[in-house]
Structures are given as C-alpha cells and as structure tokens.
Amino acid sequence: MPADGELARLHFPVERSRGRRYPELAHPYRNEFRRDRDRVVHARAFRRLENKTQVFTPGLSDHFRNRLTHTIEVSQIARTVASILGLNEDLTEALSLAHDIGHPPFGHSGEAELDSMMRRFGERFDHNLHALRIIESFENPYPRFAGLNLTFEVREGIVKHSRDFAPGEIPELDEYVPGLRPPLEAQLIDLCDEIAYNTADLDDGYSAGMVDIAEARAAVDRFGELYETTEFQFPGLSERVRLKEVVRGLIDGLVSGLMEGTVKACAGLTDVDAVRLHPERVARFTPEAAKTSAQLKRFLRESVYESPALVRARSDSVSKIAALFELLLEHPDQMPAAYREESAGQPLHRQVCDYIAGMTDGFFLRTAAQLGVS
Ligand code: MG
C-alpha cells in the first residue's frame, strides 16, 4: 500500500491554475477548483444525468445505476485515491462530477448513433467534446459571460478524459496544450470511471438476472478467489450477499491496484511539470489489477452488455434517435424557438445533434412520441 501522501510532490496546486477565460474576483473562502465543482453541481446538464441511461434503461428497476449515481460513485472513488496519494482532491472532485455531462441519451449506443449521423456531414459527435460545448456555451447562468467559465485545468481534464491528442490533431482544441499529459488528478478519472462501472455493472447485472455466478468465477480469476473466501468465511451465506462481498473486494483490489500502479509509474517524476512532459500517462493499474479489470470487462460484455434484453433495448432507442434526427432535419421548426435562436450560427445538422444530445432519455421518448417517431 502507498504511504499517506506518497505522491504529494505531484499535487497540482490551485495557485498554479491558468485561470478562467473571463477573469473573476476571488471568492472569500472557496478556492477556484471548489468553485468549479459547485458550478458543475448547479448545472442543468448535471441534473439531467439523473434521467440518462448508464447501462440499464429505466423501467427495468428503480435501484439500478443511472448516470448521476454512477457519477457520484466515480467521484467517491477518485477522491479516495486523490486524498490517499496526496493529490488535489478539489480538482479531482470537479473533474469526476463533470466527466459524464456530455453524454447523450441512451449511453454509448446513443453516442455512436449521433456520431454516425454526423459523419454524413463530415463531422463527428464525441461526448467529451460535447461536454466542453455544454460548459462553454450551452449553460448560461451568468450575466457577464457565456458558459460556466471553468478553470483551464477542469476544461483540459474534460477534453482529455479518455485520451490525449497531438498538436494539430484536433484543431478546435489547440488551446488545451496538445502533446502534453494532463495533471495526474485528471489522468486518474478515466481509471476510476472504469473501476466504478465494471463493479457496478456486475452488481446491477446480477440483480437483473444476467450474471451467472459459476460463469463469473470461471471468467474473472479475482472474482473466483473472493467468492471462495466468502464461502470459507461465511458458510451458508446467501448468494446475493456473497456477491456483495465480492463486489466490495473487487473495488478494493482495483483501487489499491490503481494507487500502487500509479505510485510505481511516477517513480522518476519530481513535479507537476514532469507529469505534463512525460511521454505517457502515469495513472495506471498494477498488472494484476489490469488483468482483473480486463477480465471483468470481457465477462460483462458477454453476459450483460450483449444480453438479448439490452441489445433489444439499445437497437430500439438507436433507431428512434436516427428517425428523430431525420425528422428534425426536415422540420427544424419542431425544435423550440428559443433553442433555434440560440444556436442560429450553427449548421442545421449541428443544431439537431446538440438538441438531441442534450435530452434525457425521458424527454427524448416524450419528444419522439409527440412527433410520431416510433
Ligand atoms: Mg463514466
């Protein structure tokens, strides 16, 4: 286990922030990253996460994760890691809470479908870039500037959530120091996200009757070990509570593996600039934890994500997205007048894409039904 504060030398100090696009007076008691966290929590796009699918569509159960509860789990895991390692917990929290606000309705299949619609116009849809557009333009609570005016590091962390990019690779992101790694706090989010969804999907998948314990034991070595331990420790324990024990053990092992792997990868790094200049990301699992994570992912794909019930639900929603997209292209007047005015400078396909991407699952289904899309 890493010692408390073992990576404190790589802590990104709030004083080093490149600041906001529009300068603002300092707050008397909240630092800039805490203010960013609060701005995210008060954003409309953040509240909409409650009605966006994570994996299971609403209606299946009222206690499965949605994108909001998933976000809270990511934040809880990431803050634990940041605080143990001595990193900046405020920056980590702001980034965790923002990490999924760009997701369109219906999870990854919704994103893939919007992307394929946009490719016809030579453009793309990407949830990380969409998140940037949300915080830069679509959220408008302030009188003096557009967007939430978040600090550079939070915006950078959002656009580099899942990957880095080279100079010139994505011209509209040139201001976000392409070619450089984001601070360690930002690098951690992607892996904390992975820990949160792999273990949560196992838990919810089991509740949905999609996870067979014998298959899970065979497919995920660590699952097998933990399950055997519970048999030994608590003979006669129900399968349901045993599974809970296993899920907790998996989270624990993955979080420890992330801290240990990251400490090791950071061995030669002396400060935050060294993190930025390093050729690769240094947030990483130990090989053992990486194996568990990969095995879990494969098992979940086969048992849960590709289960007939979820495949059917996905293809249903995806075809509705395509149909609504076409309908709005032909009848843009079906979008609210206020939205059309706000987005007037954008080409129509982008207006339609942004409009659909901002919808919750529920609002999408109501809109589709109203407009006769089935
Ligand atoms: Mg996520």
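In this predicted model, the largest nonpolar core takes in 85 residues, and the members that touch the most others are Leu202, Phe223 and Val304. Phe223 is a handy place to look at how that core is put together. Setting aside neighbours within four places in sequence, the contacts of Phe223 are Leu202, Ile213, Ala216, Arg217, Leu243, Val246 and Leu250. Leu202 thus turns up both among the core members that touch the most others and on the contact list of Phe223. A separate core of 23 residues lies apart from the largest one, and Met117, Phe125, Tyr339 and Ala368 are among its members.

Thr199 is worth a stop as well. This residue sits in helix 8 and is buried, its relative accessible area being just 2%. With neighbours within four places in sequence left out, Thr199 is in contact with Val247, Leu250, Ile251 and Leu254. Leu250, then, is a contact of Thr199 and also a contact of Phe223.

Next comes the metal site. The magnesium ion has four protein donors, namely NE2 of His70, NE2 of His99, an OD atom of Asp100 and an OD atom of Asp193, at 2.2 to 2.6 Å from the ion. Along the sequence, these donor residues follow the spacing H-x28-H-D-x92-D. Asp193 belongs to helix 8 (residues 184–207), while Asp100 is in the loop that runs between helix 4 (89–98) and helix 5 (107–119), so this pair ties together parts 93 residues apart in sequence. Both Asp100 and Asp193 are buried.

One of the magnesium donors, His99, shows up again in the lining of the largest cavity. The structure has one cavity of 30 Å³ or more, and the largest cavity comes out at about 40 Å³. Its lining is made up of Leu95, His99, Gly157, Ile158, His161, Ala186 and Ile189. Helix 7 (152–159) and helix 8 are the elements that supply two or more of those lining residues. Helix 8 therefore has several roles in this account: it carries the donor Asp193, it holds Thr199, and it contributes to the cavity lining.

As for charged pairs, a search over the whole structure turns up 41 salt bridges. One of them joins Arg37 and Glu93, with 3.2 Å between the closest N and O atoms. Arg37 is in helix 1 (residues 32–41) and Glu93 is in helix 4, so to speak a long-range link, as the two are 56 residues apart and the pair connects distant parts of the chain. Glu93 counts as buried because its relative accessibility is 12%.

Helix 4 also takes part in a second bridge, this time through Glu89, whose side chain meets that of Arg79 at an N to O distance of 3.3 Å. Arg79 lies in helix 3 (residues 67–85) and Glu89 in helix 4, so the pair ties together parts that are 10 residues apart in sequence. Here both partners are partly exposed: the relative accessible area is 28% for Glu89 and 32% for Arg79.

A bridge within a single helix is found as well. The side chains of Glu225 and Arg222 meet with an N to O distance of 2.7 Å. The two residues are three apart in helix 10 (residues 221–233), which means that about one helical turn separates them. Glu225 is partly exposed at 39% relative accessible area, and Arg222 is partly exposed too, at 30%. Beyond single pairs, salt bridges link Arg20, Glu24, Glu32, Arg35, Asp36 and Arg39 into a network.

Finally, a couple of backbone angles deserve a look. Asn149 is not a glycine, yet its phi is positive, at about 55°. Asn149 is placed in the loop between helix 6 (127–138) and helix 7, and it is buried, with a relative accessible area of 2%. Val177 likewise has a positive phi without being a glycine, in this case about 35°. The loop between helix 7 and helix 8 is where Val177 lies, and at 14% relative accessibility Val177 counts as buried.

Conventions: Residues numbered from 1 in each chain as written. Predicted model: local features only at pLDDT ≥ 70, side-chain atom pairs only at ≥ 80, totals over all residues. Heavy atoms only, no water. Donors = N, O, S within 2.8 Å, 3.2 Å for Na, K, Ca; no water. Helix = DSSP H or I, 4+ residues; strand = E, 2+ residues; numbered from the N terminus. Buried < 20%, exposed > 50% of the residue type's maximum accessible area, 1.4 Å probe, protein only. Salt bridge = Lys/Arg side-chain N within 4 Å of Asp/Glu carboxyl O. Core = buried A, V, L, I, M, F, W, Y, C linked by side-chain atoms within 4.5 Å. Contact = heavy atoms within 4.5 Å. 1 Å grid on protein atoms, 1.4 Å probe; cavity = no way out; pocket = protein on both sides within 12 Å on 5 of 7 lines; lining within 4 Å. Points joined across faces, edges and corners; volume = space filled by probe spheres on them.
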